[in-house]
Amino acid sequence: TGLSRPQRILKAVQKNAKKGDPQSVIAAIDHYCRHKEWAMNVGDDKGLILDSVVMEVNPSSALELGTYCGYSTVRIARLLPAGSTLITVEFNPHCAVIARQIIAYAGLQDKVKLMEGPSGDLIPKIKEQFGITSFDFVFLDHWKDRYVPDTKLLEECGLLRKGSVLLADNVICPGAPEYLEYVRNNPRYETRYFPSNLEYTKVEDGLEKSVFLG
Ligand SMILES: CNc1ncnc2c1ncn2[C@@H]1O[C@H](/C=C/CNC(=O)c2cc(-c3ccc(F)cc3)cc(O)c2O)[C@@H](O)[C@H]1O
Ligand SMILES: [Mg+2]
């Protein structure tokens, strides 16, 4: 069989992007996925909302659940101040190997720590492994039925502090109804929906931004 979709995305980056230039890596993936083959990157429309929330939070410590090919990893890490760390969690080894190459191609490997394995197992190990007390910013973009259990796990592990910002992709399409229910009916969160569209399409989707109140 031929190349996998992640491998084809990596090839598009190597062909069309400039090494060490995160913006060109983002543009190369968006162009490929808009004109050649769709892929589940947060994309350019929702990506602008992601960028604005990351810039507003200006996180010293950030977490991403669901690396996939590393598109949003690059989007987030390119905006982090020097000395900041983005931890990204991916349990598919094939995706991890592609994402590492895309993150390195963008020149962001020093800001990113990719943890290979299931979020449920790795989240409880983050404090001891990285000496992180809490996350300023969390981007949820993994299996949609895992948003609630992993948010609860982050709370239980003391990885959220007053003011921590959670940003969840796909709350409309494919949808994360239990998550919306959880954050919208929970006095410990101040939550707001940012309407947009599903990556590379005209279908409605959006991001839910939720501030943990402690
Ligand atoms: C559960 N714990 C986990 N721990 C570590 N990594 C995990 C993970 N769950 C999933 N992953 C990884 O995240 C990625 C999965 C993301 C799931 N995302 C989606 O299903 C998704 C799906 C769509 C989508 C929308 C419309 C449509 F018609 C088809 C698909 C759009 C998106 O933006 C999406 O994010 C994979 O790389 C997977 O290996
Ligand atoms: Mg997504």
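Here are some worked exercises on the predicted model shown above.

## Exercise 1: The metal site

**Task.** Find which residues coordinate the magnesium ion (ligand 2), and work out how the donor residues are spaced in sequence.

**Solution.**
- Step 1. Start at the ion and look for its donor atoms: Asp141 (OD), Asp169 (OD) and Asn170 (OD1) coordinate the magnesium ion (ligand 2), at 2.0 to 2.2 Å.
- Step 2. Now go to the sequence, where the donor residues of this ion follow the spacing D-x27-D-N.
- Step 3. Check how accessible two of these donors are: Asp169 and Asn170 are both buried.

## Exercise 2: One donor in detail

**Task.** Where is the place of Asn170, and is Asn170 buried or exposed?

**Solution.**
- Step 1. Locate the residue: Asn170 sits in the loop between β5 (160-168) and α9 (171-175).
- Step 2. Apply the accessibility cut-off. Buried means under 20% relative accessible area. Asn170 has a relative accessible area of 4%, so it counts as buried.
- Step 3. Look at its fellow donor: the side chains of Asn170 and Asp169 are joined by a polar contact of 3.3 Å.
- Step 4. Widen the view. Leaving out residues up to four places away in sequence, Asn170 touches a set of residues including Lys46, Asp141, Lys144, Tyr147, Glu199 and Asp205.

## Exercise 3: Around ligand 1

**Task.** How many residues surround ligand 1, and which are the closest?

**Solution.**
- Step 1. Take the surroundings as a whole: ligand 1 is surrounded by 23 residues, of which Glu90, Asp141, Lys144, Asn170 and Glu199 are the closest.
- Step 2. Go through the side-chain distances. For Glu90, an N or O atom of the side chain is 2.5 Å from an oxygen atom of ligand 1.
- Step 3. In Asn170, an N or O atom of the side chain is 2.7 Å from an oxygen atom of ligand 1.
- Step 4. Finish with Lys144, which has a polar side-chain atom 2.9 Å from an oxygen atom of ligand 1.
- Step 5. Connect this with the ion: Asp141 and Asn170 are among the residues closest to ligand 1, and both also coordinate the magnesium ion (ligand 2).

## Exercise 4: Reading the sheet

**Task.** Trace the order of the strands in the open sheet, then explain why one side of β3 and of β6 is left without a neighbour.

**Solution.**
- Step 1. Write down the order: seven strands form an open sheet, β3-β2-β1-β4-β5-β7-β6, and the pairing is mixed.
- Step 2. Look at the edges. β3 (112-116) and β6 (189-197) each have a single partner strand, so one side of each has no neighbour in the sheet.
- Step 3. Add the twist, which averages 15 degrees from one strand to the next.
- Step 4. Zoom in on one pair: β1 (residues 61-65) and β2 (residues 85-90) run parallel to each other, with five bridges. Among the bridge partners in β2 are Thr85 for Ser61 and Leu86 for Ala62.
- Step 5. Place a helix: α5 (residues 93-105) packs on the sheet and touches β2 and β3, and its direction makes about 170 degrees with that of β3.

## Exercise 5: How enclosed is β1?

**Task.** Sort the residues of β1 by the way they point, and explain why β1 is described as largely enclosed.

**Solution.**
- Step 1. Sort the side chains: Ser61, Leu63 and Leu65 point one way, while Ala62 and Glu64 point the other way.
- Step 2. Count the buried residues. They make up five of the five in β1, so the strand is largely enclosed by the rest of the structure.
- Step 3. Try a helix in the same manner: in α8 (residues 147-156), seven of the ten residues are buried, so α8 is also largely enclosed. Tyr147, Val148 and Asp150 are among them.

## Exercise 6: An acidic residue inside

**Task.** Which backbone nitrogen atoms does the side chain of Asp205 approach?

**Solution.**
- Step 1. Find Asp205 in strand β7 (residues 204-212). Its relative accessible area is 0%, so Asp205 is buried.
- Step 2. Follow the side chain: it reaches the backbone nitrogen of Val171 at 3.5 Å, and a polar atom of the Asp205 side chain lies 3.1 Å from the backbone nitrogen of Ile172.
- Step 3. Return to the metal site: the contacts of Asp205 beyond four places in sequence include Asp169 and Asn170, and both of those residues coordinate the magnesium ion (ligand 2).

Notes
Residues numbered from 1 in each chain as written. Chains lettered and ligands numbered in written order. Predicted model: local features only at pLDDT ≥ 70, side-chain atom pairs only at ≥ 80, totals over all residues. Heavy atoms only, no water. Donors = N, O, S within 2.8 Å, 3.2 Å for Na, K, Ca; no water. Buried < 20%, exposed > 50% of the residue type's maximum accessible area, 1.4 Å probe, protein only. Pairing = 2+ DSSP bridges. Helix = DSSP H or I, 4+ residues; strand = E, 2+ residues; numbered from the N terminus. Axes fitted to C-alpha atoms, helices over the stretch in contact; angles between N-to-C directions. Contact = heavy atoms within 4.5 Å. Near = heavy atom within 4 Å.
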